[in-house]
Amino acid sequence: MNNIIVYCEIENGKVADVSLELLTKGRELADTLGCKLEALAIGYNLQGIEKELAKYGADTVWMADGEELAPYRTLPHCSIICGLFTEEKPQIALFGASSVGRDLAPRVSSTLHSGLTADCTSLVIGDHKDNKSGTEYKNLLYQIRPAFGGNIIATIINPDHRPQMATVREGVMKKEEAKTPGKGEIKVVDYKKYLKDTDLAVKIIDRQIEERKINVKGASIIVSGGYGVGSKENFKLLYELAEVLGAEVGASRAAVDAGFAEHERQIGQTGVTVRPKLYIACGISGQIQHTAGMDQSSMVISINTDPNAPINKIADYAITGDLLEVIPKMIKYYKANSK
Amino acid sequence: MKKTLKIVVLAKQVPDTRNVGKDAMKADGTVNRAALPAIFNPEDLNALEQALILKDLCPGSTVQILTMGPPRAADIIRDAMFRGADGGILLTDRKFAGSDTLATSYALSRALLKLSPDIIIAGRQAIDGDTAQVGPQVAEKLGLPQVTYAEEIVKIDDNEIVIKRRLERGVEVVSSPLPMVMTVNASAPECRPQHAKRVMKYKHARTTSELQAAQNDYLNALCNEKEYLNIQEWSVADVDADDQQLGLLGSPTKVKTIENVVFQAKEAKKYTNADEDINNLMVELIASHTLG
């Protein structure tokens, strides 16, 4: 009771990275609160999955295993979660901000009237005093996220409703095996009692799941372009530089919205979060919604015509100039010096 | 022959956070909302297009816009009418202020109960909050199935809709019974533009409060005469909503603190685009094993 539950996404018998990242974070929060960390796995043929979940700190693994539960569908998963949460009363519930978690968590929060904060970039335990009523709250979950297009950072709390629910994007939290693994004790969820007939009304007719080909997240060097690159044509220069440096090409939301680059390349609050060894920001002004996804890069080089661009405040090297001139020179002098 | 559908599109007027200019922050560090243009939330336009496609497929169907917001949000209803919507409802009341996504979904669901549509279509998310919560929460409040991340309507029958979803790692085709809620991705087709004839027909469409504010006899007479120029305005009382579930009171999530973003100052090494500078930079990066 009153533990932390992480909803774990499972595709083809494999736990999604985002779920393992949430378990890592959940372990830290559970240690702070002195409660248990529990994983919830809903799917089919789940035997053995508890071993992986225990490695990342899960003390308990709730398992709802049935043929109708995979692939993921909103309504049956939602009913099972709401049924279990009503009985177990977790204080915190975490979901990946993936196409599954962002479909599921809002529906769960609406059913339980519990409140949900989307796309958190940080989760911290802290106290709160309500200034109006004077009520003091201990050990709330601070759900921290950029808002209003990233111009502000908001700390959201759910003082009076449980569970406190949050979604977090893949790559935002670190994935790390727990120092002491959890017990991974299996508790079978008698899920059929939670399902309604209408829960199976939506049917999956066809499904083509591809492994991601563009891998911005895994790259150690990223050449990233913003709206300032100007065109899809100009983006080719970034691919040339990336080719020479062995890098992957990323993009800001503005560049993706303008059609300069594919959505899979988007870095920032609404894209992927990256921590490369080197991040080369080309024509990126540096709005917080972008920097939230890259400010943990070990080194940042910015190329911008505006010497006062916000990106320069977090850059290690700021090159003031037109990227159409700078990038070819970088290619030239890299080749000249690298032999 | 397919049946005629009653379609409601959920739309939101949002500040254009994608074009935040230098004047977007006031000197005291707060957001200057006045400097941000108010626009039709982009993915809600994708949603409107899906509704209009359905209307084309099933002649005789109606498309209504439902939006919650301040009186000026009537602008997006007019915009939608210029593009092909039949009309719209503005849900507006001071009691809605401060609503989080759950309270918003509750308010919208109350209005939707009055409209009882066959299909409710919304954009996946709004650019001022990026939460993607209202679609699924409205579906839950109404006890309807939901299909999120929709990209294309593959088929529509009397009692069933088949939809292609665009997910992070692939596509999925699903069927759902009607009525249902779908949320539409930016990867779906863009909305058709405003149509000149429709602009002529609907440009004088007004809400009651707009008519009162304008005090223009000609407009009053026109809207009196032509039913289709009336944009309906609904208050909390009109949708029979429970005050306890609205605004700050009805919102489980509370904003504890707001911090305006100020970048931590860190000295960047400055270079120009001179050959010598770029050469030195490359030498330095290679020497530090950052490159190569």
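## Exercises on a two-chain model

Asp75(B) has a relative accessibility of 40% and therefore counts as partly exposed (buried is under 20% relative accessible area, exposed is over 50%, partly exposed is in between; 1.4 Å probe, protein chains only).

The model is predicted: local features need pLDDT of at least 70 and side-chain atom pairs count only at pLDDT 80 or more, while totals for chains, interfaces and linings use all residues. Residues are numbered from 1 along each chain as its sequence is written, chains are lettered from A and ligands numbered from 1 in the order in which they are written, and side-chain values use heavy atoms, with hydrogens and water left out.

**Exercise 1.** Determine which residue forms a salt bridge with Asp75(B), and trace the further salt bridge of that partner to Glu210(B).

*Solution.*
- Step 1. The partner is Arg78(B), with the closest N and O atoms 2.9 Å apart; a salt bridge is a side-chain nitrogen of Lys or Arg within 4 Å of a carboxyl oxygen of Asp or Glu.
- Step 2. The two residues are separated by about one helical turn, because they stand three residues apart in helix H2 (residues 74–83) of chain B. Helices (H or I, at least four residues) and strands (E, at least two) are DSSP runs, numbered from the N terminus.
- Step 3. Arg78(B), at 9% relative accessibility, is buried.
- Step 4. Arg78(B) also meets the side chain of Glu210(B) in a salt bridge of 2.8 Å, N to O. Glu210(B) belongs to helix H6 (residues 208–214) of chain B and Arg78(B) to helix H2 of chain B, so this pair ties together parts 132 residues apart in sequence.
- Step 5. Glu210(B) has a relative accessible area of 19% and is therefore buried.

**Exercise 2.** How many salt bridges does the rule give over all chains, and where do the partners Lys192(A) and Glu68(A) lie?

*Solution.*
- Step 1. Over all chains the count comes to 40.
- Step 2. Lys192(A) and Glu68(A) are one such pair, their closest N and O atoms being 3.3 Å apart.
- Step 3. The pair links distant parts of the chain, 124 residues apart: Lys192(A) is in the loop between strand E12 (185–188) and E13 of chain A, and Glu68(A) is in the loop between strand E5 (60–65) and helix H3 (74–88) of chain A.
- Step 4. Lys192(A) is exposed at 55% relative accessibility, whereas Glu68(A) is partly exposed at 22%.

**Exercise 3.** Describe the interface of chain B and chain A by its residues, its buried area and its polar pairs.

*Solution.*
- Step 1. Chain B contributes 78 residues and chain A contributes 86 residues to the contact (heavy atoms within 4.5 Å).
- Step 2. About 7,000 Å² is buried between the chains, 56% of it on carbon and sulfur atoms. Buried area is the accessible area (1.4 Å probe) that two parts lose on being put together, summed over both.
- Step 3. Five salt bridges cross the interface. The side chains of Glu170(A) and Arg169(B) form a salt bridge at 2.7 Å, N to O.
- Step 4. There are 36 residue pairs in polar contact between the chains, both residues at pLDDT 80 or more. A polar contact is a pair of N or O atoms within 3.5 Å; within protein, one must be able to donate a hydrogen and the other to accept it, and residues adjacent in sequence count only if both atoms are side-chain atoms.
- Step 5. Elements that give two or more residues to the side of chain B touching chain A include helix H4 (134–142), strand E13 (254–260) and helix H8 (275–287) of chain B. H8(B) gives the most to that side, with nine residues.

**Exercise 4.** State the order of the eleven-strand open sheet and identify the strands at its edges.

*Solution.*
- Step 1. The order is E13(A)-E9(B)-E8(B)-E7(B)-E10(B)-E6(B)-E1(B)-E4(B)-E5(B)-E12(B)-E11(B), with mixed pairing; two strands pair if DSSP finds at least two bridges between them.
- Step 2. Strand E13 (203–209) of chain A and strand E11 (206–207) of chain B stand at the edges; each has a single partner strand, so one side of each is left without a neighbour in the sheet.
- Step 3. Strand E6 (residues 119–123) and strand E10 (residues 180–184) of chain B pair in the parallel sense over five bridges. Ala122(B) is opposite Thr183(B) in E10(B).

**Exercise 5.** Is Ile327(A) buried or exposed, and is Asn12(A) buried or exposed?

*Solution.*
- Step 1. Ile327(A), in helix H8 (residues 323–337) of chain A, has 0% relative accessibility and is therefore buried.
- Step 2. Beyond its neighbours within four places in sequence, Ile327(A) is in contact with Leu237(A), Leu238(A), Leu241(A), Cys282(A) and Ile303(A).
- Step 3. Asn12(A), in the loop between strand E2 (10–11) and strand E3 (14–15) of chain A, has 75% relative accessibility and is therefore exposed.
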